[in-house]
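Q: Could you take me through one part of this structure slowly, as I am new to reading protein models? I would like to see how one sheet is put together and what lies across it.

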Amino acid sequence: MEVEAHLQSGVPAFSIVGLADRACQEAKHRVRSGIAAAGLEWPRRRITVNLAPAWLRKEGSSFDLAIALAVLAASHQVPAERVGDHAAVGELALDGTVRPVGGVVVAAEGARRDGLTRIVCAAESAPEAALAGIETVPIEHLAELASYLRGEMEPHRPVAANGMPSTPRYPDLVDIRGQHRARRALELAAAGGHNLLLAGPPGTGKTMLARRLPGVLPPLTVDEALEVTRIHSVARLLRPGAGLVRQRPFRAPHHSASMPAVVGGGGSGLRPGEATLAHNGVLLLDELPEFQRPVLEALRQPLEDGTIALARVEGRAVFPARFQLVGTMNLCPCGARGDPSAECSCSPQRVASFRDKLSRALLDRFDLVVTVPRARAAELAGSHGEASDRVRERVVAARDRLAASRPPRTPPADALLDRAVERLPLSGRGRARVARLAETVAALAAADAVGPGHVAEALAYRPPRELAA
Ligand SMILES: Nc1ncnc2c1ncn2[C@@H]1O[C@H](COP(=O)(O)OP(=O)(O)O)[C@@H](O)[C@H]1O
Ligand SMILES: [Mg+2]
């Protein structure tokens, strides 16, 4: 975005042109007051600020700093040629203080691509801007910026971008007693990046298990971390002063969440939703059937191709949304189904409409469906489970193996898969998903090929009859 200012003689006035939204128009007041507070002069002329290109909608307060600089350069209070090789991003307070804004890393990357050498931003945003590999000029006050541009001072250099401790903390699998089958499914989900649905009566540890998935996933690669940082920066979720996000995202929207909250585009402008915030991480839909059906259906696109395309009055956007989906649910509205010690009081109609909420198409996208039964007293009194660290080691080894080459299926494994397609029956997508899951089973077992045993285990995670009906 280019910001230009033009001063003309005439009745003093100030206008901003170039599709600026309300928050952007309000920059007039902040810039004017900030310039005065910095002991600089507000030109008593007709001032026109143009934000180019004019066809692109500008929103928010991020342009304050650039607008102030354009006015100061046009009125010869700072040297224009020096302003010209700086990018600027930040909001101005009425007293001239520079405030951090969202999207600084993205702005800094754009500035570097445009061949600018330095970016001016709030001191809190400097670690974020530095991630783009451009020299940053951290500024606390507009007065400081003016004297820097006049060559009177050098701003202090920002610290390197990763001041944060780099070992993320997640809840640990050691807390889970028993539930061997569900734990195994979680490990397979982590190793192969599969979607996982945990079904069963309340209080059996489904939510607890789901929250432990990020802790057994491999750490983010640098590229993944950068993607996550960009998204969280745009959504204003980065802590001020934080650099690269090293924590794998884990998002668990409440089941009352609206369509825009989940897929994006809520409020003013094109905001990323939970599905995008979960990019490169885990999206947990706890109590899946309680979500509005259209919200669930809208997730089918990102589950298929890892993106969300939004078309709103504000414009169009394609957001990344490659997440791993974990769902939890009861087997019936009262929750008693699947629990031998309780009697289900739901009418057949209620059970049917409960199941109808989950479309066949959505259910098909879960590679792993496990029922989580009520644990026996002895199991719950027993010893702790295996810790997440140990599970993660196996997961990482299996992922490395799968990344090197996907194991081929042996003829008996092929024959078993073909029989399953006819007997179950299995859709085309279902068959492909079972085949992939069987590869993950083989990789976790460090086998060179997918045998019938691996296919058989993969088939055991197809939706049970209670759900498939
Ligand atoms: N297998 C388990 N091991 C340890 N604690 C468990 C287990 N299952 C349930 N709990 C306990 O029960 C509580 C409820 O578990 P939760 O995951 O919320 O159940 P659900 O989501 O299946 O309704 C947990 O906070 C935990 O204290
Ligand atoms: Mg729960």
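A: Let's begin with strand 7 and strand 8, which pair in the parallel sense over five bridges. You can pick out one of the residue pairs here: R118 has E135 in strand 8 as its bridge partner. Keep in mind as you look that this is a predicted model.

Now turn to the other neighbour of strand 7. Strand 4 and strand 7, residues 118–122, also pair in the parallel sense, over four bridges. Two residue pairs help you follow this along the chain. H86 has R118 as its bridge partner in strand 7, and A87 has I119 as its bridge partner in that strand. R118 is a handy landmark, since you meet it in both pairings: it is the partner of H86, and its own partner in strand 8 is E135.

Put the pieces together and you have an open sheet of three strands in the order 4-7-8, with parallel pairing. Strand 4 (86–89) and strand 8 (135–139) are the edge strands, each pairing on one side only. Neighbouring strands of this sheet are turned against each other by 25° on average, direction ignored.

What about the surroundings of strand 7? Four of the five residues in strand 7 are buried, which leaves the strand mostly covered. Look next for helix 5, residues 104–113: this helix lies across strand 4 and strand 7. Its direction is at about 165° to strand 4.

For contrast, try finding S341, a residue in the loop between strand 14 (324–329) and helix 15 (348–356). Is S341 buried or exposed? S341 is exposed, because it has 7 other C-beta atoms within 10 Å, and a residue counts as exposed at 12 or fewer. The C-alpha atoms of S341 and F63 are separated by 63 Å, and these two residues are 278 residues apart along the chain.

One last stop is ligand 1. There are 14 residues around ligand 1, and those that come nearest are R177, G205, K206, T207 and M208. Helix 9 (residues 206–210) gives the most to this shell, with three residues. Sorted by character, the shell around ligand 1 holds four nonpolar, seven polar and three charged residues.

If you want to retrace the tour, start again at the sheet and follow the order 4-7-8, then look for helix 5 lying across strand 4 and strand 7.

Terms used
Residues are numbered from 1 along each chain as its sequence is written. Chains are lettered from A and ligands numbered from 1 in the order in which they are written. This is a predicted model: local features need pLDDT of at least 70, side-chain atom pairs count only at pLDDT 80 or more; totals for chains, interfaces and linings use all residues. A residue is near a molecule or strand if its C-beta atom, placed from the backbone, lies within 6 Å of it. Helices (H or I, at least four residues) and strands (E, at least two) are DSSP runs, numbered from the N terminus. Ala, Val, Leu, Ile, Met, Phe, Trp, Tyr, Cys and Pro count as nonpolar, Asp, Glu, Lys and Arg as charged, and the others, Gly among them, as polar. A residue is buried if 20 or more other C-beta atoms lie within 10 Å of its own, exposed if 12 or fewer, and partly exposed in between; C-beta atoms are placed from the backbone. Two strands pair if DSSP finds at least two bridges between them. Axes are lines fitted to C-alpha atoms, for helices over the stretch in contact, and angles run from 0 to 180 degrees between N-to-C directions. Two residues are in contact if their C-beta atoms, placed from the backbone, lie within 7 Å.
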